[in-house]
Amino acid sequence: MRGKLICPDCLPQETLLELTVREALDDDVMDGELSCVTCGRTYAIRRGIAVLLPAASMSVLGQETGYNSRQMLSAYLWSHFG
């Protein structure tokens, strides 16, 4: 099944991602993946959330500094939901 999302690694070319559903709840995909036929990357969908980061940005997820620090997260959550 082809979706309406494009591959972030293939930009500026707009390559549509193919959807593979492993688990769905009504019309929501809870578990699966989005695949690019051009570059071969896959993007996981877990708990209904797809992580569509380009390969160059994936290292940011493991960093504990800047916006990913506990202090920044705490300040963000407090200012928006406190």
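This passage describes the strands, the nonpolar core, the cysteines and the salt bridges of one predicted model.

The structure is a predicted model in which local features need pLDDT of at least 70 and side-chain atom pairs count only at pLDDT 80 or more, whereas totals for chains, interfaces and linings use all residues. Residues are numbered from 1 along each chain as its sequence is written, and side-chain values use heavy atoms, with hydrogens and water left out.

The strands are considered first. Helices (H or I, at least four residues) and strands (E, at least two) are taken as DSSP runs and are numbered from the N terminus, and two strands are said to pair if DSSP finds at least two bridges between them. Strands E2 and E3 run antiparallel and are joined by 8 bridges, with Leu25 standing opposite Asp28 in E3. These two strands form a hairpin that has 2 residues between them, and within this hairpin Asp26 takes a positive phi near 60°. Strand E3 is also joined to E4, again in an antiparallel arrangement, by 5 bridges, and here Ser35 has Thr42 in E4 as its bridge partner. The hairpin of E3 and E4 has 5 residues between the strands, and Gly40 in the turn has a positive phi of about 85°. Strand E4 in turn runs antiparallel to strand E5 (residues 49-50), to which 2 bridges join it, and Ile45 stands opposite Ala50 in E5. In this hairpin 2 residues lie between E4 and E5, and Arg47 in the turn has a positive phi of about 55°.

The two faces of E4 can be told apart, since Tyr43 and Ile45 make up a covered face, while Thr42, Ala44 and Arg46 make up an uncovered one. Both residues of the covered face, Tyr43 and Ile45, belong to the largest nonpolar core, which has 8 residues and also includes Cys7, Cys10, Leu17, Leu19, Leu34 and Cys36. A nonpolar core is here a set of buried Ala, Val, Leu, Ile, Met, Phe, Trp, Tyr and Cys residues joined through side-chain atoms within 4.5 Å, and buried means under 20% relative accessible area, with exposed meaning over 50% and partly exposed lying in between (1.4 Å probe, protein chains only). The elements that give two or more residues to this core are E2, E3 and E4.

Among the core residues, Cys7 is buried, with a relative accessible area of 0%. When residues up to four places away in sequence are not counted, Cys7 touches Thr15, Leu17, Cys36, Cys39 and Tyr43, where contact means heavy atoms within 4.5 Å. Thr15, which is found in the loop between E1 and E2, is likewise buried, at a relative accessible area of 6%. Leaving aside neighbours within four places in sequence, Thr15 is in contact with Leu5, Ile6, Cys7, Cys10, Cys36 and Thr38.

Although several cysteines appear in these lists, the count of disulfides (pairs of cysteine sulfur atoms within 2.5 Å) comes to 0. The closest cysteine sulfur to that of Cys7 is in Cys39, at 3.7 Å, which is too far for a bond. Cys36 is in no disulfide either, the nearest cysteine sulfur being that of Cys10, 3.6 Å away; Cys36 is buried, with a relative accessible area of 4%.

A search of the whole structure finds 3 salt bridges, a salt bridge being a side-chain nitrogen of Lys or Arg within 4 Å of a carboxyl oxygen of Asp or Glu. In one of them, the side chains of Asp9 and Arg41 meet at 2.3 Å, N to O. Asp9 lies in the loop between strand E1 (2-6) and strand E2 (16-25), and Arg41 lies in the loop between strand E3 (28-36) and strand E4 (42-46), so the pair ties together parts that are 32 residues apart in sequence. Asp9 is partly exposed, with a relative accessible area of 29%.

Arg22, Asp31 and Arg46 are linked in a network of salt bridges. Within this network, the closest N and O atoms of Arg22 and Asp31 are 3.2 Å apart, and those of Asp31 and Arg46 are 3.1 Å apart. The pair of Asp31 in strand E3 and Arg46 in strand E4 links distant parts of the chain, 15 residues apart. Arg22 counts as partly exposed at 46% relative accessibility, and Arg46 counts as partly exposed at 41%.
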